[in-house]
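Welcome! Please take a look at the model below and keep it open while you work through a few short exercises.

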Amino acid sequence: MSTAVWPYLPHDELIKEEQATLARELEWLLNSLQETLASLKSGLEECIALLAPKEPGSTLVISSVRSESVKGFVTRVGTRIVKGDIHIRLPTLPPFRSASSYPLHLSTLPTAPSLVLTQLTSVRNLINQSLDVVDISTWTGDAHDANFIAGQLRLLFDLIQEARQALKGGDEIAGKWWEGSVDENIFDPPLPQTLSFHLSISEASLLLQLRTLQLTNPGTPTSFTSDALSGLSLRQRLGLAARLPEHDESGQVFTFRGQEVRVREKVRVESQDPSLMSVMAKLSALEHAVGVARRSLAIVMGVEEEDG
């Protein structure tokens, strides 16, 4: 079966009509994409609102599952942790005398450093850049230039995708625990040298990883005493304590604060953050919407869409 145009048009005129039709379709699509951009801007602004530093913030429970190893809470306001009270019970982190757990209190001194979640800072910056791209596409650039809009959509897609990946987390994004040690003066009393405190974002949840450490060579001269950095209580040094549980970093050597150390104990605690989960869901939907717009424009323009 074949299809014919009636009334019959010469080949040259048929080609002209096809080109005119594609031009009208492209014009319609570019106009409709302005509505799409307005909707994307609204969604991005909702994400910014969820990440804004609004009091009283989000208070999240930090508690280990089926154990008393870690108990406490933190309060997040925007990209910073402004309050925190965590109690740790680990065999390799002896508490102060007359105490049943080791306390980690976020310092309230005005001179204390801030505990900033760098991933959230990145997410906020990427979303602000996305809003700039939308504004340029709408007001500054030529909204009827298909190549320009295609380039802007590609840039917007990359920015939103990167923001979503920052909330998803992972070692490459959150950084290595032995390279990104927090300032011990964030806490009051200061964080002990035997303890690594690593706070990051994973799957839009707050992820706290605590590690107690010991020197690989306690006889090496150091600014800390060997016993203090060994991470061992008197019972453990005498061989009277129970064997420590195995973990995925057992036997590995890391360079932490200029010293070679091994990880004695490791605890991982996650706390879901409803606001961050909402931001991640919105970013996923926005990424999908931009992807659909890119594919539609590529089809009408008759070009092959780039991977992404």
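The exercises below go from helix packing to helix ends and then to the loops.

This is a predicted model, in which local features need pLDDT of at least 70, side-chain atom pairs count only at pLDDT 80 or more, and totals for chains, interfaces and linings use all residues. Residues are numbered from 1 along each chain as its sequence is written, and side-chain values use heavy atoms, with hydrogens and water left out.

**Exercise 1.** Work out how helix α2 and helix α3 are oriented to each other.

Step 1. Find the helices: α2 covers residues 118-140 and α3 covers residues 146-168. Helices (H or I, at least four residues) and strands (E, at least two) are DSSP runs, numbered from the N terminus.

Step 2. Take the angle, which is about 165°, with the axes 9 Å apart. Axes are lines fitted to C-alpha atoms, for helices over the stretch in contact, and angles run from 0 to 180 degrees between N-to-C directions.

Step 3. Name the arrangement: α2 and α3 are therefore roughly antiparallel (the word is used for angles over 145 degrees).

Step 4. Look at the residues that make the contact (heavy atoms within 4.5 Å). Among them are Leu 120, Val 123 and Ile 127 of α2, and Phe 148, Leu 156 and Leu 159 of α3. By class, this contact has 16 nonpolar, five polar and one charged residues. Here Ala, Val, Leu, Ile, Met, Phe, Trp, Tyr, Cys and Pro count as nonpolar, Asp, Glu, Lys and Arg as charged, and the others, Gly among them, as polar.

**Exercise 2.** Now describe how α3 packs with α7.

Step 1. The angle between α3 and α7 is about 155°, and their axes lie 9 Å apart.

Step 2. These two helices are therefore roughly antiparallel to each other.

Step 3. Counted by class, the contact of α3 with α7 has 18 nonpolar, four polar and five charged residues.

**Exercise 3.** Check the length of α3 and of α7, then inspect their ends.

Step 1. The expected span is 1.5 Å times one less than the number of residues. For the 23 residues of α3 that should give 33 Å, and the end C-alpha atoms are 33 Å apart, which agrees.

Step 2. Helix α7 (residues 274-301) has 28 residues and should span 40 Å; its end C-alpha atoms are 41 Å apart, which agrees.

Step 3. At the start of α3, a side-chain oxygen of Asp 145 comes within 3.1 Å of the backbone nitrogen of Asn 147. Asp 273 caps the N-terminal end of α7, with a side-chain oxygen 3.1 Å from the backbone nitrogen of Ser 275.

Step 4. Move to the other ends: Gly 169 follows α3 with a positive phi near 85°, and Gly 302, just after α7, has a positive phi of about 75°.

**Exercise 4.** Which residues does Gln 34 touch, not counting residues up to four places away in sequence?

Step 1. Locate Gln 34 in helix α1 (residues 11-51).

Step 2. List its partners: Ser 137, Thr 138, Ala 143 and Ile 149.

Step 3. Compare positions: Gln 34 and Thr 138 are 104 residues apart along the chain, while their C-alpha atoms are separated by 6.7 Å.

**Exercise 5.** Find unusual backbone geometry in the loops.

Step 1. Start from the background: most residues other than glycine have a negative phi, and most peptide bonds are trans.

Step 2. Glu 55 and Pro 56 are joined by a cis peptide bond, with omega about 5°. Pro 56 sits in the loop between α1 and β1 (58-63).

Step 3. Asp 188 and Pro 189 are also joined by a cis peptide bond, with omega about 5°. The loop holding Pro 189 runs between α4 (171-174) and β6 (195-202).

Step 4. Arg 66, a residue other than glycine, has a positive phi near 60°.

Notes:
Parallel < 35°, antiparallel > 145°, perpendicular 65-115°, else oblique. Polar contact = N/O pair within 3.5 Å; in protein donor to acceptor, adjacent residues only side chain to side chain.
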